[in-house]
Amino acid sequence: MELDELKNYLNRQLEEQSPLQSSGEISAILRNKSIGIVHRIRKNLWIEFIISLLAVVVILYAKYLAGNYVMQIYFNIFLAITLLFLPIFGWLIRSTYQLSPELSSVKTNLTRLHLLIARFTRFYFIFSMAIFLPVVFYSLIAAVYERNNQSLMESLQFYMHLPAVPLLLIGLYILVFGIFLFFFARWYIRLLYGKYLDKLKDLLMELNTPE
Amino acid sequence: MPTKVTRVAESEFIQLIQEHQRIIHKVCRMYVQRPDDRDDLFQEITLQAWKSYPRFKGNARFSTWLYRVALNTAITYYRKQKRNPITHSDITDYEIQEAPSDPTDAQFQLMYKAIGELSEVDKALVLLYLEDYPYDDIAQMMGITANHVAVKMNRIKTKLQTITSQMRFNN
């Protein structure tokens, strides 16, 4: 049987089995929200953007309230990271609006979507790591500072003059926590978008296969 | 509150979708097996088309434009793992309900099932081919050359023959 013979059959099947939507039903669909991946990513990015904006306000307020030097540095680092990522989130949000399925070919659409998700996941990972590692480091400094009311340098020196075993344990804690975060963030992002990214990559490879 | 212009555009769009909804149904049927997933995809394609409609210039046929939106949406459609993931028996049950009594229809059904085994890209090519689009138009929609379309169509035909033979052998 030839593929051409399927044409009539396919059309007949569709006419017999697809329930045709009334104008009321189509109108109701237009009131619904998209369930597409671009919409989902855009929503996530907007949430990140708004949370980052709120975080800037909260950090500035906390910085104002924090009397000691160590906490000031701590909040400054957070502020710098958040401010650095705000335009990146903005830029990614803008990219989601530039995807237009009606204008581009399948290949272009796939390329753009793949690029968008790859960037989104990469920055999401960097953002997670950038936020958490200073937390670990500065929580150690702050712990000493709060206890002994020492300066930043004195707090650092406290660790330098620690006996080998506790120092090793602290180093090990940072290392294990860092490694855990690294793999957890990678695993979580892969769980959310890994398979989908692989699928897009395979489709693009298929379209790019030499003739 | 929607303006008068929006309402006019909306009713115009709804009418166009009603006239061309078979295209969306065809794409949904080609890409999704479960009926409730098809409804979701139908909704997503219609929504994407509605969002893109203000940019529809009218210099292309609406059906071609809708095909482009539908295919781009279906190929990149992201399905979260369902609460009750589809099983082989679900598919079989569904097919049994539709199983034709006529042997010729059974052959068509086999071919139709074989198309379901193709990749998303190949399914798009088959759909456009079945709609009698010239290779140049298919190439433009897919973003590849017409020659590449021809080569791919030949490969798809061979693939379909292999899949249907395997299915016959398994049955």
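Me: How many aromatic pairs does the structure hold over all chains?
Reply: In this predicted model, there are 24 aromatic pairs over all chains.

Me: What makes A:Phe89 and A:Phe127 an edge-to-face pair?
Reply: Ring centres must lie within 6.5 Å for a pair, and planes over 60 degrees apart count as edge-to-face; the rings of A:Phe89 and A:Phe127 are 5.3 Å apart centre to centre with 80 degrees between the planes, so both conditions are met. This pair links distant parts of the chain, with A:Phe89 in helix α4 and A:Phe127 in helix α5 of chain A, 38 residues apart.

Me: Why is A:Phe89 called buried?
Reply: Buried means under 20% relative accessible area, and A:Phe89 is called buried because its relative accessible area is 1%. A:Phe127, with a relative accessible area of 13%, is therefore buried by that cut-off as well.

Me: Why is the pair of B:Tyr53 and B:Phe62 edge-to-face?
Reply: The centres of the two rings, B:Tyr53 and B:Phe62, are 6.5 Å apart and their planes stand at 80 degrees, so the pair falls in the edge-to-face class, which needs over 60 degrees.

Me: How do you know whether B:Tyr53 is buried or exposed?
Reply: Its relative accessibility is 9%, and because the limit for buried is under 20%, B:Tyr53 counts as buried; B:Phe62, at 8% relative accessibility, counts as buried too.

Me: Which residues form one aromatic cluster with B:Tyr53 and B:Phe62?
Reply: B:Phe13, B:Trp50, B:Phe56 and B:Trp65 form one aromatic cluster together with B:Tyr53 and B:Phe62.

Conventions. Residues are numbered from 1 along each chain as its sequence is written. Chains are lettered from A and ligands numbered from 1 in the order in which they are written. This is a predicted model: local features need pLDDT of at least 70, side-chain atom pairs count only at pLDDT 80 or more; totals for chains, interfaces and linings use all residues. Side-chain values use heavy atoms; hydrogens and water are left out. Rings of Phe, Tyr and Trp (its six-membered ring) pair if their centres lie within 6.5 Å; planes under 30 degrees apart count as stacked, over 60 as edge-to-face and the rest as tilted. Helices (H or I, at least four residues) and strands (E, at least two) are DSSP runs, numbered from the N terminus. Buried means under 20% relative accessible area, exposed over 50%, partly exposed in between (1.4 Å probe, protein chains only).
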